[in-house]
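Please look at the sequence and the model side by side before reading on. The text below is meant to be followed with both in view.

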Amino acid sequence: MIAAEPDDLAALTGLDVQRHTPVSAKGLEFDAVVIVDPERIRARHPADLYVSMTRATQRLGLLDVEGRDGGPG
């Protein structure tokens, strides 16, 4: 999973997933990637969204987070 901030993924304890920011995922590849709040990542730095989306080799999921500061809703 990739999110703008590490704290955005803090609640996902107990899951067997790797958690990254766009910067920490740079240069890595994964079969499946879920991007949490892609609009927030894009708003901060559009190239980071591109990096995040190109980490997936087979499956890519986008998880929109509504009702957060800076997010839709």
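The paragraphs that follow go from the sheet to a helix packed on it, then to a salt bridge and a surface patch.

The model is a predicted one. A good place to start is the sheet, which is open and consists of three strands in the order S1-S2-S3, with parallel pairing. S1 and S3 are its edge strands, each pairing on one side only. As background, the strands of a sheet pair through backbone hydrogen bonds, and this can be done in parallel or antiparallel fashion.

Take the pairing of S1 and S2 next. Strand S1 covers residues 2–3 and strand S2 covers residues 30–36; the two run parallel and are joined by two bridges. Ile2 has Ile35 of S2 as its bridge partner, while Ala3 stands opposite Val36 in S2. On to the other pair: S2 and S3 are also parallel, and six bridges connect them. Here Val36 appears again, with Leu63 in S3 as its bridge partner. Val36 can therefore be found by looking from Ala3 across to S2, and Leu63 by going on from Val36 to S3. The sheet also has a helix against it. Helix H3, residues 46–53, packs on the sheet and touches S1, S2 and S3. The direction of H3 makes about 145 degrees with that of S2.

Another helix, H2, spans residues 38–44 and holds both Glu39 and Arg42. These two residues are three residues apart, about one turn of the helix. Side chains with opposite charges can pair when their charged atoms come close. How do the side chains of Glu39 and Arg42 meet, and at what N to O distance? They meet in a salt bridge, at 2.4 Å from N to O. The count for the model is one salt bridge. Glu39 is partly exposed, because its relative accessible area is 35%. Arg42 is partly exposed as well, with a relative accessible area of 37%.

The last stop is on the surface. Which residues make the nonpolar surface patch of about 260 Å²? They are Met53, Leu60 and Leu62. Of these, Leu62 belongs to strand S3, which covers residues 56–63. Is Leu62 buried or exposed? Leu62 has a relative accessible area of 51%, so it is exposed, the cut-off for that class being over 50%.

Key. Residues numbered from 1 in each chain as written. Predicted model: local features only at pLDDT ≥ 70, side-chain atom pairs only at ≥ 80, totals over all residues. Heavy atoms only, no water. Patch = residues over 30% accessible without salt bridge, like charges linked within 9 Å, V, L, I, M, F, W, Y side chains within 5 Å. Areas by Shrake-Rupley, 256 points an atom, 1.4 Å probe, with all protein chains shown as cover. Salt bridge = Lys/Arg side-chain N within 4 Å of Asp/Glu carboxyl O. Helix = DSSP H or I, 4+ residues; strand = E, 2+ residues; numbered from the N terminus. Buried < 20%, exposed > 50% of the residue type's maximum accessible area, 1.4 Å probe, protein only. Pairing = 2+ DSSP bridges. Contact = heavy atoms within 4.5 Å. Axes fitted to C-alpha atoms, helices over the stretch in contact; angles between N-to-C directions.
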